[in-house]
Amino acid sequence: MERNDSLRPGFRRGTDKHVPQTLNSTYPATLFDGLQSAASAAGIGLARVHAHTREGTAVPRTPVRRHSYRAHHCEAGIWRRTTRQETQQIVRAAKRYDREGRQPGTRSGPLGGIAIELIELLANLVDFRSGRLDPSIDTIMRMLRRSRGAVVSALKALRDHGFLDWMRRYIPTGNEGRGPQVQQTSNAYRLSLPERARALLGRFAKAVPLPIDVEDAIKQRESMLASHEAQLSLEELPAFLHGDTALSKSLAALGALIGRKRESIKQTESPPISISKSEKISGQP
């Protein structure tokens, strides 16, 4: 009896060419679990069949999600400086938004109670100077004492309603040769205040005024900087305004040229002739 290899796992129908496949894609999941358990009991490992083969060499799949960027190289596009007043304003707006959007007969609004807990946590974790905010899912689970599914759902709710955005990231593993070269790491998050939620705050949406002593200190510093700026020459001014950059160096060279030109003009001008009072009376030099 002729054997039909086209119906055997690993063979493409209509051809006799063997196509490497993973054991997972060839057999049902329950069957594979049984085979793996039997192999483990017999001391035989099946790990080698988890990866596709290319010329006899195992090529493991890279465990990185789509649209991921390398960590510590992409955060400038999502992080920004913020203040405690801004983050607390976002939290208040989220609570008001969730309360106003609650439907009759429901226990929570469009965000949900866990999402409110989450945004309060993120507002306390953000670095105000740099805007850095990158807790892992495990960290959030531990701090909120919530399950992974609950945390993921809360993150999605905040993003869908405009209160949160994030960027997926990966990091190099440092592996040499075989094995994945990169791996997924925590997301980079940014808190946001959607306009429809800002409108719910009304007059409370305005920025909180600074304390009097802080405002006076800012004005005093601005006055000192303006006084110092007025005393600088054209050659010194660019470095003060723009720092040690190529632009400031070019402007400083131009300022030095203008300064020398002015000095040259002053030296070539004829000195004013002074006539004494006695000479004016006598009419003689």
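This passage describes the largest pocket and the salt bridges of a predicted model.

The pocket makes a good place to start. Rolling a probe the size of a water molecule over the atoms shows where empty space is left. In this model, the largest pocket encloses about 410 Å³ of space. Its lining is made up of 17 residues, and those closest to the pocket centre are Arg-65, Ile-137, Val-152, Asn-187 and Tyr-189. Three secondary-structure elements each supply at least two lining residues, namely helix H6 (148-160), strand S4 (164-172) and strand S5 (182-191). Of the contributors, H6 gives the most, with six residues in the lining. Sorted by class, the lining of the largest pocket is mixed, with six nonpolar, five polar and six charged residues.

Attention now turns to charged pairs. Side chains of opposite charge can pair when their charged atoms come close. The structure holds 12 salt bridges, and three of them are described here, beginning with the one between Arg-169 and Glu-75. The side chains of these two residues meet with an N to O distance of 2.7 Å. Arg-169 belongs to strand S4, while Glu-75 sits in the loop between strand S3 (68-70) and helix H3 (84-100), so the salt bridge ties together parts that are 94 residues apart in sequence. Both Arg-169 and Glu-75 are buried, which means that each has a relative accessible area under 20%.

A second salt bridge joins Lys-95 to Glu-120, with 2.7 Å between the closest N and O atoms. This pair links distant parts of the chain, with Lys-95 in helix H3 and Glu-120 in helix H4 (residues 113-125), 25 residues apart. Lys-95 is partly exposed at a relative accessible area of 35%, and Glu-120 also counts as partly exposed, at 29%.

In the third pair, Arg-148 and Asp-138 form a salt bridge whose closest N and O atoms are 2.6 Å apart. Because Arg-148 lies in helix H6 and Asp-138 in helix H5 (residues 137-144), the pair ties together parts that are 10 residues apart in sequence. Arg-148 is partly exposed, with a relative accessible area of 42%, and Asp-138 is likewise partly exposed, at 44%.

Finally, salt bridges that share partners bring Glu-75, Arg-132, Asp-134 and Arg-169 together in one network. The buried residues Arg-169 and Glu-75 are thus met again here, as members of that network.

Note on methods. Residues numbered from 1 in each chain as written. Predicted model: local features only at pLDDT ≥ 70, side-chain atom pairs only at ≥ 80, totals over all residues. Heavy atoms only, no water. 1 Å grid on protein atoms, 1.4 Å probe; cavity = no way out; pocket = protein on both sides within 12 Å on 5 of 7 lines; lining within 4 Å. Points joined across faces, edges and corners; volume = space filled by probe spheres on them. Helix = DSSP H or I, 4+ residues; strand = E, 2+ residues; numbered from the N terminus. Nonpolar A, V, L, I, M, F, W, Y, C, P; charged D, E, K, R; others polar. Salt bridge = Lys/Arg side-chain N within 4 Å of Asp/Glu carboxyl O. Buried < 20%, exposed > 50% of the residue type's maximum accessible area, 1.4 Å probe, protein only.
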